[in-house]
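Welcome, and please take a moment to turn the model around on your screen. Let us walk through it together, one part at a time.

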Amino acid sequence: ARYVDRLGSSGINAEYGLGFLFYTAAAKSISEKPKQDKPAWDNFYKNTALRRRFLSYASLSYNDEPFMTGEDFVKAVSNMEGANEKSKSRTVNVNVTPLTDEEYQDLLTRATTVNLDSEDFLKKPDYIISYSEFLFLLSVLVKPIDQFYRHFRILDRANTNTLSKEEFLSIESLTSGGQDPLLNTTTTMQVVMFGTDQKQEVDFEQFSKFLHGIQRQILKAEFEVYSDGLDFITDDEFVRLLLRRTSIPDIKKARYVDRLESRPEDKRNKILFNQYCQFMNLLNDFPDFEVAIRMFAITKKPLTKRDFQRAVRASTGTEFDHELVDVIFDVFDEDNDNKLGYDEFMMVMKDSIRSRNALNSNSLNIVNPTIWETYMNCVRQEMYKSYAH
């Protein structure tokens, strides 16, 4: 009852909050399994695709625990293969550098100088990341920031608008599917958030700045693969970047690109980094966007550029730049009638989301990983019914 009262006073929908508490309890029951003695770090975690990826990029170790640097993390994420990639051949990185006590303490000291306003704080070689943090950061990439605000408010037990280290680790455990880090080694992230004594608290402004910075830096790494040092990518490069990890056949990918390349030069568009971020933020908010778009499908009304912008604004709070909308319609307007091909567009978007969403039941091997998705799907189905009537 106290949690429900707190939800109401903070403006959070009580049904959403109760679903979150249900999911939290499930995750907690998973994470509270009896701890076993620490094994050798080669067999330290469950044999999953994400565990293999972590160990194949981790370049540091301390007290037999593997760590990624921030640069390792950027490489591991920006080089993620397609949705069908098995990655079972990946092994532990043989070029791992063991840290001495002095080197480890030096890294933590340098962590106090990390500037969250910097566009590249994650790429610094002295930023160390544990496996549970790796899973947490992956989840950040595919979640809208407002979802973390809900988590933040619920876990702020003292209603101080701040999080302690203990409360933060509850979020980390939840978003990493109940995975237990097993070891209590302090990391760069913990120093940045809670200071060297681990007793400071972080407010939501700092918390969201950190999450937003992580998202932008990974998106920037992806963007730079195609930009060749320029501040833009061409419209066909944008489509290639969007489709590169999907399971869509190559011949169909080429068809989408051909639709752009066949346009007159004066009808082609350049996509800036901020516009690319706009689109990827929409993918993070895609369930809400799908609800808005579904209304047009139900009424069998063709989707114009104006209608598309309304749906984007309803789900993300902002509109796309017109160049981005033009590219989307150029690709998915098969009849050249300035109307969006709804089914084709939604199919490609969902495939792109699946390819980016590394935290799934197959990769984590956890019990009941879709409790939260099931709850939210139920809510959305009720919304569809109400709109349909």
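What follows goes from the whole chain to a small sheet, then to the cores, a cavity and two loop residues.

Keep in mind from the start that this is a predicted model. The protein chain holds 19 helices and eight strands. It has 389 residues, and buried residues make up 51% of them. How much of the contact network joins residues at least 24 apart? Taking contacts between residues at least 6 apart in sequence, 74% join residues at least 24 apart.

A good place to begin is the sheet. Four strands make it up, in the order 3-1-2-4, and the sheet is open, with mixed pairing. At its edges are strand 3 (97-98) and strand 4 (128-129), each of which pairs on one side only. You can now follow the pairings one by one. Strand 1, residues 60-62, pairs with strand 3 in the parallel sense over two bridges. Strand 1 and strand 2 run antiparallel, and three bridges join them. Strand 2 and strand 4 also run antiparallel, joined by two bridges.

Ser 61 is a handy landmark here. Opposite Ser 61, in strand 3, stands Pro 98, while in strand 2 the bridge partner of Ser 61 is Pro 66. Strands 1 and 2 form a hairpin with two residues between the strands, and there Asn 63 takes a positive phi near 55 degrees. Further along strand 2, Met 68 has Ile 129 of strand 4 as its bridge partner.

Is strand 2 mostly covered or mostly uncovered? It is mostly covered, as five of its five residues are buried. In a regular strand, side chains alternate between the two faces of the sheet. In strand 2, Glu 65, Phe 67 and Thr 69 lie on one side, Pro 66 and Met 68 lie on the other, and all are buried, so both faces are covered. Return now to the edges of the sheet, strand 3 and strand 4. Helix 4, residues 70-78, packs on the sheet and touches strand 2 (65-69) and strand 4, with its direction at about 80 degrees to that of strand 2. Helix 5, residues 101-111, packs on the sheet as well, touching strand 1, strand 3 and strand 4. The direction of helix 5 makes about 110 degrees with that of strand 1.

Next come the nonpolar cores. In soluble globular proteins, nonpolar side chains tend to be buried together. The largest nonpolar core here has 42 residues, and Phe 279 and Phe 308 have the most contacts inside it. Several helices give two or more residues to this core, among them helix 10 (204-227), helix 11 (235-243), helix 13 (273-284), helix 15 (305-316) and helix 17 (342-356). What does Phe 279 touch? Leaving aside residues up to four places away in sequence, its contacts are Phe 238, Leu 242, Phe 320, Leu 324, Ile 328 and Met 349. There is also a second, separate core of 38 residues, including Ala 58, Ile 129, Leu 163 and Phe 210.

Helix 11 deserves a closer look. It is mostly covered, with seven of its nine residues buried. Among these buried residues are Phe 238 and Leu 242, along with Asp 235 and Asp 236.

What about empty space? Rolling a probe the size of a water molecule over the atoms shows where such space is left. A search of the whole structure finds five cavities of 30 Å³ or more. The largest cavity holds about 70 Å³ of space. Its lining consists of Leu 141, Gln 215, Ile 218, Leu 219, Met 280, Asn 281, Asn 284 and Arg 356. Helix 10 and helix 13 are the elements that give two or more residues to this lining.

Finally, visit two loop residues. Asn 269 sits in the loop between helix 12 and strand 8 (270-272). Is Asn 269 buried or exposed? It counts as buried because its relative accessibility is 14%, and buried means under 20%. Not counting residues up to four places away in sequence, Asn 269 touches Ile 233, Thr 234, Asp 235, Glu 323, Asp 326, Val 327 and Asp 330.

Asp 337 lies in the loop between helix 16 and helix 17. With 37% relative accessibility, Asp 337 counts as partly exposed. Asp 337 and Thr 304 are 33 residues apart in sequence, and their C-alpha atoms are 9.4 Å apart in space.

How values were computed:
Residues numbered from 1 in each chain as written. Heavy atoms only, no water. Core = buried A, V, L, I, M, F, W, Y, C linked by side-chain atoms within 4.5 Å. Buried < 20%, exposed > 50% of the residue type's maximum accessible area, 1.4 Å probe, protein only. Contact = heavy atoms within 4.5 Å. Pairing = 2+ DSSP bridges. Axes fitted to C-alpha atoms, helices over the stretch in contact; angles between N-to-C directions. 1 Å grid on protein atoms, 1.4 Å probe; cavity = no way out; pocket = protein on both sides within 12 Å on 5 of 7 lines; lining within 4 Å. Points joined across faces, edges and corners; volume = space filled by probe spheres on them.
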